[in-house]
Amino acid sequence: MARKNGKMRSFNVAVVGLSGTEKDKGQAGVGKSCLCNRFMAALADDYSVDHISVLSQTDFSGRVVNNDHFLYWGEVTKTSEDGIDFLFQVIEQTEFIDDATFQPFKGSKMEPYAKRCSATKITSAEKLMYICKNQLGIEREYEQKLLPDGKINIDGFLCVFDVSSVPSRTIEKQVEAVSGILNNLMKTKKPIVLVTTKNDDGNETYVKEAEKLVSKKEYKGGIMLVETSAHENVNVDIAFIVLAQLIDRTRGRARILPYIEAARVR
Ligand code: GTP
Ligand code: MG
């Protein structure tokens, strides 16, 4: 494993995807938080299907959200099939909604989500790792882990594409939003993996749309696709490991199985 000063190098990943108010994303989120939660949580008991989205001003200003529109999910080590350890630090780029106005909270500089989520130099002083929804307001009762040095440099992106059908969200809308995000991510020149989420409840035609997206000629075959389910814990680790291997070009390539096959061998 690549080490610097005896310390394992960390692969810093931002998880992004359609975010915003109910008008933008429909009646449910695309699955960014569940994907992160499944990846970080070693124990099944630590996996929750319900994460923060609409908040009070107090919770927005608390140490976990810290007046940002991203969450720090902490760090975790995973081992690839060929026995190599990878240390990951993960953030989720989302948009928190004020429970009084149902509009996004105003941060210091509010760029459109598609642009903001492509940031590679992220800072937030004294920000605490997010663990679960219940943690807010009673942070002291949970492990208090800080975002190291109040900053993180992003090495690659996992862009989420929800293949389940969600009320009040059209597939066209998601394709448009994700295209806008991918265009901005491409400008960073960092590796990108497109991750389909909720394949356990997936819709064949939506999966096709995701395949169409990654094969767009603008992306020159540079975006890989991994089909996942956080609820069923299928292909989640592989999605992050494939991204780490793209970041660290000297490493091998993990084999990516289509959802159906991965679900069978799990
Ligand atoms: P915001 O951050 O609010 O934009 O949402 P998000 O993208 O983080 O979505 P979140 O992970 O909170 O999930 C939204 C909804 O989708 C929840 O009701 C989840 O239970 C559901 N969901 C997430 N992952 C899966 C999955 O793998 N399968 C199924 N069937 N549902 C899922
Ligand atoms: Mg979320």
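**Close-up 1. Residue classes in the shell around ligand 1 of this predicted model.** The shell around ligand 1 has four nonpolar, seven polar and six charged residues, where Asp, Glu, Lys and Arg count as charged, Ala, Val, Leu, Ile, Met, Phe, Trp, Tyr, Cys and Pro as nonpolar, and the others, Gly among them, as polar. In this predicted model, local features need pLDDT of at least 70 and side-chain atom pairs count only at pLDDT 80 or more, whereas totals for chains, interfaces and linings use all residues. Residues are numbered from 1 along each chain as its sequence is written, ligands are numbered from 1 in the order in which they are written, and side-chain values use heavy atoms, with hydrogens and water left out.

**Close-up 2. Residues surrounding ligand 1.** Ligand 1 is surrounded by 17 residues, of which Lys 25, Lys 32, Ser 33, Thr 94 and Asp 200 are the closest; a residue is near if one of its heavy atoms lies within 4 Å. Helix α2 (residues 32-40) supplies the largest share of this shell, three residues, a helix being a DSSP run of H or I with at least four residues and a strand one of E with at least two, numbered from the N terminus.

**Close-up 3. Polar contacts of ligand 1.** In these contacts, pairs of N or O atoms within 3.5 Å, the side chain of Asp 200 places an N or O atom 2.7 Å from a nitrogen atom of ligand 1. Oxygen atoms of ligand 1 take part as well, with one 2.8 Å from a side-chain N or O atom of Thr 94 and one 3.0 Å from a polar side-chain atom of Lys 198.

Terms used: Polar contact = N/O pair within 3.5 Å; in protein donor to acceptor, adjacent residues only side chain to side chain.
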